[in-house]
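Subject: Structure for you to look through

Hello,

I am passing on a structure that I would like you to open beside this message. Please turn it slowly on your screen as you read, and find each place as it comes up.

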Amino acid sequence: MRWLELCVDVPPEFVEPISHIFYRYGYGGVSIESPADFNPDEGEKAPVPETLSVRTYIPKDASTDERRANIEIGVKLINHIHPIAPLREREIKDEDWETNWKQYFHPIRVGKKLVICPTWQKYDSLLGDVLIHLDPGMAFGTGHHPTTRMCMELLEETIAGGEKIIDLGCGSGILSVTAVKLGAGSSLGLEIELNAVKVAEENCVLNGVDEAITVLNETLPNNRYSEEDFDLALANISAKVIIELAEHLTRGLRTGGKLILSGVLESDLEDVRDVLYRLGVVFHEVITDGDWTAVLATKR
């Protein structure tokens with residue numbers, strides 16, 4: 001069989017939506033080419049490039065035209081929001097399949113000690129590193145989007161050990177996995193997209209934390225989310241959804257419990273702050289990356 005490799009170069013903030021399109025209409029996964037040559041021992045941080053290359057592969061068969069057309073539509077829609085490079089394609093042989101899509105996904109470091117690593121890559125851990133194993137086909141939260149990275153950085157400074165967590169819109173499960181590997185006691189992930197639920201469950205198994213994390217194809221309100229039952233709430237979604245579900249999200253947090261929120265554009269931050277303040281939530285730290293923000297807050 002022969003295959004078409006489809007590739008597009010996009011800014012980091014558009015890696016997640018492009019990956020989602022490729023994952024849905026491609027075949028066999030998504031790969032993201034990111035920089036990996038940096039030395040944390042010398043104080044170097046993982047570089048944030050202007051663009052990353054996102055790839056997927058589709059078989060040359062009766063489904064080719066439909067798959068490619070759907071991908072092209074998705075790319076054009078994103079191009080209306082922000083100009084991106086044209087979609088590139090090339091034909092490859094069946095025997096090139098395995099090596100071609102895997103060679104572009106490398107380990108990336110987030111924060112001080114978190115490392116996201118594809119399952120087949122060898123990574124020589126430094127003392128204290130926390131490895132998060134992901135497959136590039138798992139496109140709902142890869143660590144490349146600024147909001148995911150910022151949430152992971154806030155988790156790194158927030159987790160003390162033993163926390164009971166709710167992860168609203170958990171996607172690939174990357175934040176729940178990160179939290180438990182940092183020492184949290186348990187996490188309940190809620191996700192409305194069934195494919196993402198399956199991905200999250202696979203990620204939990206890959207990282208050996210499936211006994212500590214439950215993933216449900218549900219949202220809030222939820223009968224598993226009891227009043228003042230959780231120590232930390234995670235929501236890397238959007239300002240609109242955070243505002244809509246703010247009352248349910250905060251009701252389940254104990255007094256003194258923390259919230260880590262992201263997916264919020266800087267232009268929407270004050271609206272989110274106002275709604276949560278009326279519910280007794282105080283912002284302590286706001287970090288930004290481009291137009292995106294992430295928040296660490298406390299329920300009073």
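What follows is a walk through what was found, from the overall fold to single residues.

Please keep in mind that this is a predicted model. The protein chain has 300 residues, and buried residues make up 51% of them. Its secondary structure comes to eight helices and 14 strands. Among the contacts in the chain with a separation of 6 or more, 70% are between residues that stand 24 or more positions apart.

A good place to begin is helix H1, which covers residues 15-25. Its buried residues are Val-15, Glu-16, Ile-18, Ser-19, Ile-21 and Phe-22, and the buried residues of H1 pack against strands E1, E2 and E3 as well as helices H2 and H4. In strand E2 you will find Glu-33, which counts as partly exposed because its relative accessibility is 33%. The C-alpha atom of Glu-33 is 8.2 Å from that of Arg-55, although their positions lie 22 residues apart along the chain, counted as a separation.

Next comes the inside of the protein. In soluble globular proteins, nonpolar side chains tend to be buried together. The largest nonpolar core here has 35 residues, of which Ile-116, Met-152, Leu-155, Ile-159 and Ile-260 touch the most other members. Apart from this core lies another, of 27 residues, and Leu-261, Val-264, Val-275 and Leu-276 are among them. Which residues is Met-152 in contact with, once its neighbours within four places in sequence are left aside? They are Val-110, Leu-114, Ile-116, Ile-132, Ile-174, Leu-175 and Thr-178.

The structure also has open space to look at. Rolling a probe the size of a water molecule over the atoms shows where empty space is left. The largest pocket has a volume of about 860 Å³. It is lined by 36 residues, and the closest to its centre are Gly-169, Glu-191, Asn-236, Ile-237 and Ser-238. The elements that give two or more residues to this lining are helices H1, H4, H5 and H7 together with strands E8 and E12. If you sort the lining by class, you will count 17 nonpolar, 12 polar and seven charged residues.

Two polar or charged residues that are buried deserve a careful look. Arg-109 lies in strand E5, residues 108-110, and it counts as buried because its relative accessible area is 9%, where the cut-off is under 20%. The side chain of Arg-109 makes a polar contact of 2.8 Å with the side chain of Tyr-123, and a polar atom of the Arg-109 side chain also lies 3.1 Å from the backbone oxygen of Lys-112. Asn-222 is in the loop between strands E10 and E11, and with 10% relative accessibility Asn-222 counts as buried too. The side chains of Asn-222 and Glu-218 are joined by a polar contact of 2.3 Å. The loop between E10 and E11 also holds Pro-221, and the peptide bond that joins Leu-220 and Pro-221 is cis, with omega about 0 degrees.

Two other loops can be viewed together. Is Ala-160, in the loop between H4 and E8, buried or exposed? Ala-160 is exposed, because its relative accessible area is 74% and the cut-off for that word is over 50%. Its C-alpha atom is 7.4 Å from that of Ala-184, which is 24 residues away in sequence. Gly-183 is in the loop between H5 and E9 and is partly exposed, with a relative accessible area of 32%. Leaving out residues up to four places away in sequence, Gly-183 touches Ile-159, Gly-161, Gly-162 and Glu-163. For Gly-183 and Gly-161, 22 residues apart along the chain, the C-alpha atoms are separated by 4.6 Å.

Finally, please find Thr-288 in strand E13, residues 281-289. Thr-288 is partly exposed, with a relative accessible area of 47%, and beyond its neighbours within four places in sequence it is in contact with Met-150, Glu-266 and Thr-293. Thr-288 and Thr-147 are 141 residues apart in sequence, yet 8.8 Å apart in space from C-alpha to C-alpha.

With best wishes

Key
Residues are numbered from 1 along each chain as its sequence is written. This is a predicted model: local features need pLDDT of at least 70, side-chain atom pairs count only at pLDDT 80 or more; totals for chains, interfaces and linings use all residues. Side-chain values use heavy atoms; hydrogens and water are left out. On a 1 Å grid over the protein atoms alone, a cavity is a set of points where a 1.4 Å probe fits but cannot get out, and a pocket is an open set with protein on both sides within 12 Å along at least five of seven lines; lining residues have an atom within 4 Å of a point. Grid points are joined across faces, edges and corners, and a volume is the space filled by probe spheres set on the points. Helices (H or I, at least four residues) and strands (E, at least two) are DSSP runs, numbered from the N terminus. Ala, Val, Leu, Ile, Met, Phe, Trp, Tyr, Cys and Pro count as nonpolar, Asp, Glu, Lys and Arg as charged, and the others, Gly among them, as polar. A nonpolar core is a set of buried Ala, Val, Leu, Ile, Met, Phe, Trp, Tyr and Cys residues joined through side-chain atoms within 4.5 Å. Buried means under 20% relative accessible area, exposed over 50%, partly exposed in between (1.4 Å probe, protein chains only). Contact means heavy atoms within 4.5 Å. A polar contact is a pair of N or O atoms within 3.5 Å; within protein, one must be able to donate a hydrogen and the other to accept it, and residues adjacent in sequence count only if both atoms are side-chain atoms.
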